[in-house]
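Student: I would like to go through this model with some short questions. Please show the sequence and the structure before we start.

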Amino acid sequence: YQDGTHNLSNAPHIFAAAHNAMLGVAQGENQSLIVSGESGAGKTETTKHCMTYLTKIAGSKTGAHIKLLRASPILEAWGNAKTLRNNNSSRFGKYTEMYLDPVDSTIVGASIDTYLLEKTRIVSQDHGERNYHTFYQLLRGANPPLLEKLHLSQYAAQPETLYYLGQSGCVDVEKVDDGKDFQEVLHALEILGFSDEERDTLQQVLAAVLLMGNIGIVEVADDSEKCALKNNAIDLTSELGCVAELLGVDAGFFRQAITMKSIQRGGSARVKSIAYRPYNAREALDVRDALAKELYKRAFHALVLRIDFLVDCGDANITDEDVHAAGYRVIGMLDIFGFEIFEINSFEQLCINLCNEVMQSQFNLNIFEKEMAVYRDEEIELPKFEYKDNTSVIELLTNKREGVLAMLDEECNVPGGSWN
């Protein structure tokens, strides 16, 4: 493919598409590769093969191409999970830009942006699915001293006893060695340049999220509007105490945060007083789960930002202004999450599926409608074919007045509103 013997016309292949992108860059044009398809179609593997080809052909004087490849197992561990249709399904969108020197087309840097991490998966999964790979990798691959330090020793042999991992009835995946993958991720972190402290912090966050799900919250026996910790557990050996230690916060303060609602009194900028009222059990469990989701999301975002920085070999990140000023050429690669329908679909899945519908609409526009317009302008007879126009689906969801998203916004602003 590199010497042009094979191309998209006579030998369609992933490498041919990647090579065409390199040819476009050599001619002075920025390029985009969009990898789309339903869940399980092979988008993640296709993206990795494209990335491997591009980094092999382009190379880099700074080693950025090696680090860019080593970022993949880390992002897969934190952002991919087993679903019913795919053992390694991306549960986030990823857009990678490679910046190439205009003189010799070598890679000088890269940036990685992520979108719409599926947070609901952290606290619940459908039957037969798994949480994110990184949790199982930690339990299967960490050595006993590390597991003890993270308060996970008793769960390593039975991950299903952790609430956030045990709901789906699926812990192991055939032909997947989570322990081996854990070592690969550690090696990738080392190659990228993560410090021991950064690695330890990531592992502490993962352990805290896992243990948070096992913090038992129950109704107070004589008052259903109040909640309490199961067995009134707040000592350092309890799940709550372990989570507080891992996060570096006071256990009493942490207990108050998940069982009591703070109410600020006073309308001015200066708060006059703060009152507290207890959550009921359902509210407290929602707060616990919301905290776990937000903690994981922020850790994932911080991880991506750090990878983004280290791929540029520790230099200041290349900005859009730098790209234009230096005349760098850009190859952008979009790996989008697949369209999927679950037994129970979250709002996040609705957004993911809408994103896929919009992508399909763009495909229809550029591949069918614009090409058909060219045929008509040149008075060339069109062959008969049909394609599914999904404009009505997109309109149903995104119409600014009567679309589903607009209605959800309205309900959030005025809960239970009516025309009366």
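Tutor: Contact means heavy atoms within 4.5 Å. Axes are lines fitted to C-alpha atoms, for helices over the stretch in contact, and angles run from 0 to 180 degrees between N-to-C directions. Residues are numbered from 1 along each chain as its sequence is written. This is a predicted model, where local features need pLDDT of at least 70, side-chain atom pairs count only at pLDDT 80 or more, and totals for chains, interfaces and linings use all residues; side-chain values use heavy atoms, with hydrogens and water left out.

Student: How many helices and strands does the chain have?

Tutor: Helices (H or I, at least four residues) and strands (E, at least two) are DSSP runs, numbered from the N terminus. On that basis the chain has 10 strands and 17 helices.

Student: What is the strand order in the open sheet of four strands?

Tutor: Two strands pair if DSSP finds at least two bridges between them. The pairing in this sheet is mixed, and the twist from one strand to the next averages 15 degrees. The order is 1-10-4-5.

Student: Which strands stand at the edges?

Tutor: An edge strand here has a single partner strand, so one side of it is left without a neighbour in the sheet. The two concerned are strand 1 (31–35) and strand 5 (107–115).

Student: How many bridges join strand 4 to strand 10?

Tutor: Strand 4 covers residues 93–100 and is joined to strand 5 by eight bridges, running antiparallel. Glu-97 stands opposite Ser-111 in strand 5, while Met-98 has a bridge partner in strand 10, Ile-331. Strand 4 and strand 10 also run antiparallel, and the number of bridges joining them is seven.

Student: Which residue takes a positive phi in the hairpin of strand 4 and strand 5?

Tutor: The hairpin has six residues between the strands. The phi in question is near 60 degrees, and the residue is Ser-105.

Student: At about what angle does helix 2 run to strand 10?

Tutor: Helix 2 (residues 43–58) lies across strand 1, strand 4, strand 5 and strand 10 (329–335). Its angle to strand 10 is about 160 degrees.

Student: Why is strand 4 largely enclosed by the rest of the structure?

Tutor: Buried means under 20% relative accessible area, exposed over 50%, partly exposed in between (1.4 Å probe, protein chains only). Strand 4 is largely enclosed because its buried residues number seven of the eight.

Student: Is Thr-96 buried or exposed?

Tutor: Thr-96 is found in strand 4. Its contacts, not counting residues up to four places away in sequence, include Met-51, Leu-68, Ile-112 and Gly-332. The relative accessibility is 3%, so Thr-96 counts as buried.

Student: What distance separates the C-alpha atoms of Leu-68 and Met-98?

Tutor: Leu-68 lies in helix 3 (residues 64–79) and is buried, with a relative accessible area of 4%. Beyond four places in sequence, Leu-68 touches Met-98, with Thr-55, Ala-110 and Val-311 also among the residues touched. Leu-68 and Met-98 are 30 residues apart along the chain, and their C-alpha atoms are separated by 9.1 Å.

Student: What share of the 420 residues in the chain is buried?

Tutor: Among contacts between residues at least 6 apart in sequence, 65% join residues at least 24 apart. Buried residues make up a share of 42%.
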